[in-house]
Amino acid sequence: MKPLNKVLINNDTNLNPIWIMRQAGRYLPEFREIRKQNPDFINLCLNDNLASEITLQPLKRFDLDAAIIFSDILMLPYGLGQKVAFEKNFGPKLGELNLNEVIKIDEIDFVQKIHRIYKAIKKVSTSNILKEKNTIGFVGAPWTLLVYMINQQSPKKNLKKDFFKDEFLINRILLIIEKFLKIHIKNQIDYGANIIQIFDSWAGLLDEKDLPNYVYAPTLNLVNYVKSLKVPVICFPREIKNYKEFCNIVKPDAISIDYNVDPKKILDDIKIPVQGGLDPKILLTDYVNLKKEALKYLEIFKNHPYIFNLGHGILPDTNPEMVKNLIKIVKNY
Ligand code: 1CP
């Protein structure tokens with residue numbers, strides 16, 4: 001059985017497998033080298049040779065237990081025909097969402113635009129390095145994708161004032177997103193992904209009263225769909241206040257926690273396997289501090305099924321040596 005499955009399916013508490021959000025990325029010089037020669041990020045995601053090579057880069061360096069496919073949550077709006085670009089020092093920039101065009105897109109158009117992601121997954125999942133390891137496929141949650149599709153840029157920069165004005169439009173787009181996310185999930189699994197992670201990076205933007213409508217209901221539909229395909233599903237509803245309520249309603253196979261939440265409270269509140277938590281900024285400090293903070297999570301979850309990870313993506317300024325140290329600390333525990 002693959003390492004993450006031991007935790008997710010068998011509730012193993014002796015093993016703390018580890019992978020790292022954004023483990024294939026800018027903190028690795030070998031990634032920066034490829035990126036420099038491929039200024040168009042979308043094209044890079046659609047280049048199955050390079051995308052699979054990038055996916056495996058961190059596994060060649062480190063003793064990680066899983067690969068997460070090199071792609072992006074915004075490949076979904078791209079597949080729906082919305083313009084998506086990534087600008088240096090700015091982040092994602094999306095074109096206007098044209099609902100009249102989007103509703104004309106069918107499954108064949110969508111898959112045609114992004115099928116090379118699936119080719120990359122096939123290459124990765126059948127590679128020798130991953131024989132005993134997991135291949136993680138992923139999607140953005142409907143809410144987080146809606147945020148990017150309507151806001152056209154990161155809400156970190158600026159959130160459109162009239163975002164919630166047209167509730168009818170929002171609910172319509174959510175249904176379209178959900179339909180295509182299911183197609184995207186099914187294809188990732190068919191081509192070799194054996195875990196699905198759902199990133200709801202902007203769940204924390206919502207008032208608690210809006211969570212049932214925009215986060216719980218659409219995510220529950222996806223979680224049930226993944227379960228019907230017999231693959232474990234991990235949810236990351238970043239920065240919501242009530243992880244317990246989320247787990248009780250959505251019932252994923254594991255919950256990935258952000259770094260603002262108290263892990264002791266999570267241990268008290270949550271019965272399902274837990275993933276993550278460590279603040280990525282800790283990797284910018286020193287070995288002694290890293291060991292202290294990593295051991296904190298390992299101690300708290302020592303009798304709970306736990307997958308080691310960070311509380312958000314690894315930062316570009318991270319020294320790869322610190323990643324090596326972290327993995328050693330976790331494996332030696
Ligand atoms: O190694 C891996 O983790 C696999 C690849 C991966 C994943 C899982 C990338 C590559 N992106 C993602 C998910 C993703 N993309 C999320 C969810 C996780 C999270 O919260 O970080 C989100 C919100 C995005 C959207 C996105 N794409 C952003 C964030 C913008 C914001 O609002 O702050 C950014 C910067 C990107 C570009 C991107 N995606 C991935 C990489 C390596 C990069 C950087 C590209 C570059 O400039 O070189």
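1. Strands β1 and β4 are paired in the parallel sense, over three bridges. A67 stands opposite T135 of β4. This is a predicted model, and the points below should be read with that in view.

2. On its other pairing, β4 (residues 134–140) runs parallel to β5 (residues 195–199), with five bridges between them. F138 has Q197 of β5 as its bridge partner.

3. The wider sheet is open and has seven strands. Their order is β1-β4-β5-β6-β7-β8-β9, and the pairing is parallel. Which strands stand at the edges? They are β1 (66–68) and β9 (306–307). Each has a single partner strand, so one side of each lacks a neighbour in the sheet.

4. How many residues of β4 are buried? Seven of its seven, so the strand is mostly covered, given that buried means under 20% relative accessible area. N134, I136, F138 and G140 point one way from β4. T135, G137 and V139 point the other way. Residues of both sets are buried. T135, the residue opposite A67, and F138, the bridge partner of Q197, thus point in opposite ways from β4.

5. Helix α10 packs on this sheet. It touches β5 and β6 (233–236). The direction of α10 makes about 160 degrees with that of β6.

6. α10 also packs against helix α9. The helices span residues 211–228 (α10) and 167–190 (α9). Their axes are 10 Å apart, at an angle of about 20 degrees. Angles under 35 degrees count as roughly parallel, and α9 and α10 are therefore roughly parallel to each other. Their crossing is right-handed.

7. The α9 side of this contact consists of E167, I170, N171, L174, E178, L181, K182, I185 and K186. The α10 side consists of Y214, P218, N221, L222, Y225 and V226. By class, the contact residues are nine nonpolar, two polar and four charged.

8. A further partner of α10 is helix α11 (residues 243–250). The two axes come within 9 Å and cross at roughly 45 degrees. How are these helices oriented to each other? They are oblique, because the angle falls outside the ranges for roughly parallel, antiparallel and perpendicular. The crossing of α10 with α11 is right-handed.

9. In that contact, V215, Y216, T219, L220 and V223 of α10 meet E245, F246, I249 and V250 of α11. The residues divide into seven nonpolar, one polar and one charged. Across points 5 to 9, then, α10 touches β5 and β6, packs with α9 and meets α11.

10. One single residue deserves a look: N325, in helix α14 (residues 320–332). Is N325 buried or exposed? Its relative accessibility is 18%, so N325 counts as buried. Setting aside neighbours within four places in sequence, N325 is in contact with Y287 and L290.

How values were computed
Residues numbered from 1 in each chain as written. Predicted model: local features only at pLDDT ≥ 70, side-chain atom pairs only at ≥ 80, totals over all residues. Heavy atoms only, no water. Axes fitted to C-alpha atoms, helices over the stretch in contact; angles between N-to-C directions. Helix = DSSP H or I, 4+ residues; strand = E, 2+ residues; numbered from the N terminus. Parallel < 35°, antiparallel > 145°, perpendicular 65-115°, else oblique. Left-handed = near helix turned anticlockwise from the far one by under 90°. Contact = heavy atoms within 4.5 Å. Nonpolar A, V, L, I, M, F, W, Y, C, P; charged D, E, K, R; others polar. Pairing = 2+ DSSP bridges. Buried < 20%, exposed > 50% of the residue type's maximum accessible area, 1.4 Å probe, protein only.
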